[in-house]
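Q: Please take a close look at a single residue in this structure. Then work outward from there to its surroundings and the rest of the chain.

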Amino acid sequence: MEYLEHLVLVFISIVLINNLVFTKFLGCCPYLGVSGRLDMAFGMGLAVTFVTTLAGTLTWLIDHLFLLGTALEVTRYVCFILVIAGAVQLVEMYLRKFFPTLYEAFGIFLPLITTNCVILGLCLFLNLWQVNDILMAVVLSFGAGIGFTMAICIMAGIRENLALADIPECLQGAPITLITAGLLTLAFMGFAGMIK
């Protein structure tokens, strides 16, 4: 029971308090680029969540079963990138077959999931945070994807409302988007210290 509580706290921590977008500034390209419409942002968030969960779990297994303590440890980055690219290909094939309109709407951003630094950053942080449990790796991986989805959907909702607002011409477009991103980051800093 105590371990389950710990997993729940870890999940809440990675989603709200240590959100990789707001605290580590990872994944800013899709966070700012795809957050124009809520439906696209939610689809991108789900795709990133799937890839993050799959890649984080697989890279943790590869790292702990094959790489750590051997001479192959220097190939960590290459192995992680190959796993991430494979997971993105699975998402791309699935979307192309079952959701062709969403696949077309993503355009160039779907292959960019491969280079989304939230995914690679999480895979590297799992080792840095000294995660020694597969279940903890899965919870952290899934939580990081949910945190990214939450961040991008909040930003998309705000940007859809900003399209209806009377914004000065000098702030329209990228300036108001960056100001909004900064304010969201400050707002999420309020969660710091919530879990010890």
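**Thr177 and beyond**

A: Thr177 is found in helix α9. The model is a predicted one, and the account below should be read that way. Is Thr177 buried or exposed? Thr177 is buried, because its relative accessible area is 7%, below the 20% cut-off for that class. Which residues does Thr177 touch, leaving out those up to four places away in sequence? Its contacts are Leu32, Met155 and Arg159.

Next, the core. The largest nonpolar core holds 50 residues. Tyr31, Met44, Ile113 and Ile152 have the most contacts inside this core. Many helices feed it. At least two core residues come from each of α1 (2–17), α2 (20–23), α4 (38–67), α5 (76–98), α6 (100–106), α7 (117–128), α8 (134–162) and α9 (174–189). The helix of Thr177, α9, is thus among the contributors. The top contributor is α8, with 11 residues.

Met44 gives a closer view of that core. Leaving out residues up to four places away in sequence, Met44 touches Val34, Phe106, Phe109, Leu110, Ile113, Phe148 and Ile152. Two of these partners, Ile113 and Ile152, share with Met44 a place among the residues with the most core contacts.

Now the N-terminal helix. α1 has 16 residues. From its first C-alpha to its last, α1 reaches 21 Å. That is close to the 22 Å expected at 1.5 Å a residue. Which residues of α1 are buried? They are Leu7, Val10, Ser13, Ile14, Val15 and Ile17. The cover over these buried residues includes α2 and α8. In general, an α-helix has 3.6 residues a turn, so residues three or four places apart point the same way.

Charged pairs come next. How many salt bridges does the structure hold? The total is four. Asp39 pairs with Arg37, the closest N and O atoms lying 2.8 Å apart. Both partners are partly exposed: Asp39 has a relative accessible area of 46%, and Arg37 has 42%.

The pair of Arg96 and Glu92 sits in one helix. Their side chains meet in a salt bridge at 3.6 Å, N to O. Both residues lie in α5, four residues apart, about one turn of the helix. Their exposure classes are not alike. Arg96 is partly exposed, at 44% relative accessible area. Glu92 counts as buried because its relative accessibility is 11%, under the 20% limit.

Salt bridges that share partners join Asp63, Glu73 and Arg76 into one network. Within it, the side chains of Glu73 and Arg76 meet at 3.3 Å, N to O. Glu73 is partly exposed, with a relative accessible area of 31%. Arg76 is buried, with 11%.

What of the cysteines? A disulfide is a covalent bond between the sulfur atoms of two cysteines. The count here comes to zero disulfides. Cys29 is in none; its nearest cysteine sulfur, that of Cys117, is 8.5 Å away. Cys117 is in none either; its nearest cysteine sulfur, that of Cys28, is 6.8 Å away. Both distances exceed the 2.5 Å limit for a disulfide. Cys117 counts as partly exposed, at 33% relative accessibility.

Two loop residues deserve a look at their backbone. Phe25 has a phi near 55 degrees, a positive value in a residue other than glycine. Where is Phe25 placed? It lies in the loop between α2 and α3 (28–33). Phe25 is exposed, with a relative accessible area of 52%. Gln130 also has a positive phi, about 55 degrees, although it is not a glycine. Its place is the loop between α7 and α8. Gln130 is exposed, at 62% relative accessible area.

Last, confidence. The mean pLDDT of the chain is 89. Of its residues, 99% reach 70 or more. Which elements mark the ends of the range? By mean pLDDT, α6 is lowest, at 81, and α8 is highest, at 95. So α8, highest in mean pLDDT, is also the helix that gives the most residues to the largest nonpolar core.

Key:
Residues are numbered from 1 along each chain as its sequence is written. This is a predicted model: local features need pLDDT of at least 70, side-chain atom pairs count only at pLDDT 80 or more; totals for chains, interfaces and linings use all residues. Side-chain values use heavy atoms; hydrogens and water are left out. A nonpolar core is a set of buried Ala, Val, Leu, Ile, Met, Phe, Trp, Tyr and Cys residues joined through side-chain atoms within 4.5 Å. Buried means under 20% relative accessible area, exposed over 50%, partly exposed in between (1.4 Å probe, protein chains only). Contact means heavy atoms within 4.5 Å. The expected span of a helix is 1.5 Å times one less than its number of residues. pLDDT is the predictor's confidence in each residue, from 0 to 100.
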